[in-house]
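Subject: Structure handover

Hello,

Here is the structure I promised to pass on. Please open it alongside this email, and keep both at hand as you read.

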Amino acid sequence: LADETATDRMNYETLPKGRLEAFSDGVLAIVVTILVLELEVPEAHSNSSLLTELFHSWRNYAGYLISFVFVGGFWVAHSNATRLFSKGDPVLFRLNLVFLFFVSLLPFTTAMMTDYLGQAGEQAAVAIYGLNLFLGSVMLTFFINYPARRRHLVDEQIADEELEANVRQRRILLVFQGIAVLIALLLPNLAIGLYLLAALLFLLEPLLIARTYRSGPDDSTGP
């Protein structure tokens, strides 16, 4: 009877990961769509060229580029993580919701940062934007780390080493990203460059993990 009760409880607490993946993909796609809709076509002026007007709007394009690459990196890392899970549970679903909450704020914080660049309040705007990115990255790390400590949620064919590599690599990148947020309070333009670099690292990180895992420590063909 006790075994049956434990089994029923586990079945109750187990949720299909397909719903989690579908909802997450939809939110991320909507965020990217809103970001690009925030870009405005420059107004035509007889005394200036289109390229000149585009250059004057570089802040908007830089903000879009950083946010798009970050969202793309979130999507790649999230997809790579859910590949390792066979199912979810209520805690995992809630961690995912908090992660998506911070992602959904990106259109707002991106617009705020681009509007305040070069004006009073620039440091605060760039720092708030970076904090938004950082908290999203932290929640994604929690989301990835949680099933690694709940082995019953993980696909039986996935090795422990691959789970640990997912978490270990992200910790290093989070430290780098946190430093960038602090730098924004003093050197906002430098912080923007660091945000872009962090975005590229997050985008490439799952690919590097997969390559390292496939190669293995004893693979003589690797670099």
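Below is what I found, from the whole chain down to single residues.

**Model and confidence**

This is a predicted model. The average pLDDT over the chain is 80. A score of at least 70 is reached by 77% of the residues. Two stretches need care. Residues 1–12 stay under 50 in pLDDT. The model gives residues 1–12 zero contacts beyond four places in sequence. Residues 217–223 also have a pLDDT below 50. That stretch has two contacts in the model beyond near neighbours in sequence. Where pLDDT is low, the predicted coordinates should not be read in detail.

**Overall fold**

The chain has nine helices and zero strands. Read along the sequence, the pattern is α-α-α-α-α-α-α-α-α. There are 223 residues, and 40% of them count as buried. Now take the contacts between residues at least 6 apart in sequence. Of these, 79% join residues at least 24 apart.

**Helix H4**

H4 covers residues 58–82. I looked at three of its residues: Ser-67, Phe-68 and His-78.

Start with His-78. Is it buried or exposed? His-78 is buried, at a relative accessible area of 2%. Which side chains does the His-78 side chain meet in polar contacts? One is the side chain of Asn-96, at 2.7 Å. Another is the side chain of Ser-24, at 3.5 Å. Leaving out residues up to four places away in sequence, His-78 touches Leu-20, Ser-24, Asn-96, Phe-99, Leu-140 and Phe-143. So the buried His-78, with a relative accessible area of 2%, has both polar contact partners, Ser-24 and Asn-96, among the residues it touches.

Next, the neighbours Ser-67 and Phe-68. Ser-67 has 0% relative accessibility, so it counts as buried. Phe-68 is partly exposed, with a relative accessible area of 38%. That value lies between the 20% and 50% cut-offs, which is why Phe-68 falls in neither the buried nor the exposed class.

Their contacts, again without residues up to four places away in sequence, are as follows. Ser-67 touches Leu-35, Thr-110 and Tyr-129. Phe-68 touches Val-32 and Leu-35. Leu-35 therefore appears in the list for Ser-67, the residue with 0% relative accessibility, and in the list for Phe-68. Phe-68 and Val-32 are 36 residues apart along the chain. Their C-alpha atoms are separated by 6.4 Å.

**Helix H6**

H6 runs over residues 106–116. Which of its residues are buried? They are Leu-106, Pro-107, Thr-109, Thr-110, Met-112, Met-113 and Thr-114. One of them, Thr-110, is also a contact of Ser-67 in H4. Gly-118 follows H6 and has a positive phi, near 80 degrees.

**The largest pocket**

What is the volume of the largest pocket? It is about 370 Å³. The lining has 19 residues. Closest to the centre are Glu-38, Leu-39, Asn-60, Thr-114 and Asp-115. H4 and H6 each supply at least two residues of the lining. By class, the lining holds eight nonpolar, six polar and five charged residues. Thr-114, listed among those closest to the centre, is also one of the buried residues of H6.

**Helix H8**

H8 covers residues 160–184. Two of its residues make a useful pair: Ala-180 and Leu-182.

Ala-180 is at 0% relative accessibility, so it counts as buried. Ala-180 touches Ala-191, Leu-194 and Tyr-195, not counting residues up to four places away in sequence. Ala-180 and Leu-131 are 49 residues apart in sequence. From C-alpha to C-alpha they are 9.3 Å apart.

Leu-182 is exposed, with a relative accessible area of 58%. That is over the 50% cut-off, so Leu-182 counts as exposed despite being a leucine, a residue classed as nonpolar. Leu-182 and Gln-123 are 59 residues apart along the chain. Their C-alpha atoms are separated by 9.9 Å.

**Where to look**

If time is short, view His-78 with Asn-96, then the lining of the largest pocket, then Ala-180 and Leu-182.

Best wishes

Definitions and conventions:
Residues are numbered from 1 along each chain as its sequence is written. Side-chain values use heavy atoms; hydrogens and water are left out. Helices (H or I, at least four residues) and strands (E, at least two) are DSSP runs, numbered from the N terminus. Buried means under 20% relative accessible area, exposed over 50%, partly exposed in between (1.4 Å probe, protein chains only). A polar contact is a pair of N or O atoms within 3.5 Å; within protein, one must be able to donate a hydrogen and the other to accept it, and residues adjacent in sequence count only if both atoms are side-chain atoms. Contact means heavy atoms within 4.5 Å. pLDDT is the predictor's confidence in each residue, from 0 to 100. On a 1 Å grid over the protein atoms alone, a cavity is a set of points where a 1.4 Å probe fits but cannot get out, and a pocket is an open set with protein on both sides within 12 Å along at least five of seven lines; lining residues have an atom within 4 Å of a point. Grid points are joined across faces, edges and corners, and a volume is the space filled by probe spheres set on the points.
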